[in-house]
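I opened this notebook to record what I looked up in the model, starting from the overall fold and working inward.

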Amino acid sequence: MTVINLVPHEVLVARDARRRLRSWSVRLGVILLVLLAGYAGLDRLVSGRSSEYRQLTGECSEIREDLRAAEALIQERDRLLARRATIVAIQHSAKTSALLAALGDALTPESYLTFLAVERCAPKPGGDEEAADCRGRLHLRGRAPGHREVGRVIRQLESTGAFGEVTLGTITDPVGTAGGGVEFELFCSLGRPGR
């Protein structure tokens, strides 16, 4: 049996074009849906990474602040250790009041001071062994009725035990002063040698 198709060729071509158009529309629709799903997945992934990045950035800034605070605490600790070393050095040295009392006992009744300076050694971080190398000094100037009283003051300063080495700096007879007398300058090292 022979089949004759009476549908005009233009109609067949148009049907075939519509079928192909529908096929490509479906394909393009599926591709568009796949692309939209991929974009949504990437967007969700990027937003998740972005929030994770913001969270890590926040944690990093908190760690930086903690490090700054720790650095400040370390500096404060070092400053306090230096102060503690100073306090320990002062506690182990002769008290200034004891030095002044020994100085007062060494002066003769007729002599007096016009200048007094006590120089202490700064504490060193190495401990007592290094601090033992340094001894403070006492520098004083005063007036006495004569050379004999100045000699007595020097001997009494040496005999107190509070001063290591007593050195006469200068002794002068000022001209034109009422009542006479001499002006003297002494330097004393604090503590006995070997202490």
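Before reading off the fold, I note that helices (H or I, at least four residues) and strands (E, at least two) are taken as DSSP runs and numbered from the N terminus. The model is a predicted one, and I keep that in mind throughout.

**Entry 1, overall layout.** I counted 4 helices and 4 strands in the protein chain, and along the sequence they follow the pattern α-α-β-α-β-α-β-β. Of the 195 residues, 17% count as buried. The protein chain exposes about 14700 Å², of which carbon and sulfur atoms supply 60%. I also looked up the contacts with a separation of 6 or more, and residues 24 or more positions apart account for 68% of them.

**Entry 2, the sheet.** In which order do the strands of the open sheet lie? I find β1-β2-β4-β3, with antiparallel pairing. β1 and β3 stand at the edges with a single partner strand each, so one side of each has no neighbour in the sheet. Direction ignored, neighbouring strands are turned by 15 degrees against each other on average. Looking at one pair in detail, I see that β1 and β2 are joined in the antiparallel sense over 7 bridges, and that V118 stands opposite L138 in β2. On this sheet packs α4, which touches β2, β3 and β4, and its direction makes about 165 degrees with that of β3.

**Entry 3, helix α2.** Which residues of α2 (residues 96-106) are buried? I list L99, A102, L103 and A106. They lie on the same side of α2, because they cover an arc of only 100 degrees around the axis. This agrees with the general rule that an α-helix has 3.6 residues a turn, so residues three or four places apart point the same way. On the other side of α2, I find S97 and D105 exposed. The buried residues of α2 pack against β1 (112-119), β2 (137-144), α4 (147-159), β3 (163-172) and β4 (182-190).

**Entry 4, the core.** The largest nonpolar core has 20 residues, and I note L138, L157, F163 and L186 as those that touch the most other members. At least two residues of this core come from each of α2, β2, α4, β3 and β4, and β4 gives the largest share, with 5 residues. I then followed L186 beyond its neighbours within four places in sequence, and its contacts include L138, H139, L140, V153, I154 and L157, as well as T167, L168 and G169.

Definitions and conventions:
Residues are numbered from 1 along each chain as its sequence is written. This is a predicted model: local features need pLDDT of at least 70, side-chain atom pairs count only at pLDDT 80 or more; totals for chains, interfaces and linings use all residues. Side-chain values use heavy atoms; hydrogens and water are left out. Buried means under 20% relative accessible area, exposed over 50%, partly exposed in between (1.4 Å probe, protein chains only). The arc is that of the directions from the helix axis to the C-beta atoms. Contact means heavy atoms within 4.5 Å. Accessible areas come from the Shrake-Rupley method with a 1.4 Å probe; for residues, only the protein chains shown count as cover. Two strands pair if DSSP finds at least two bridges between them. Axes are lines fitted to C-alpha atoms, for helices over the stretch in contact, and angles run from 0 to 180 degrees between N-to-C directions. A nonpolar core is a set of buried Ala, Val, Leu, Ile, Met, Phe, Trp, Tyr and Cys residues joined through side-chain atoms within 4.5 Å.
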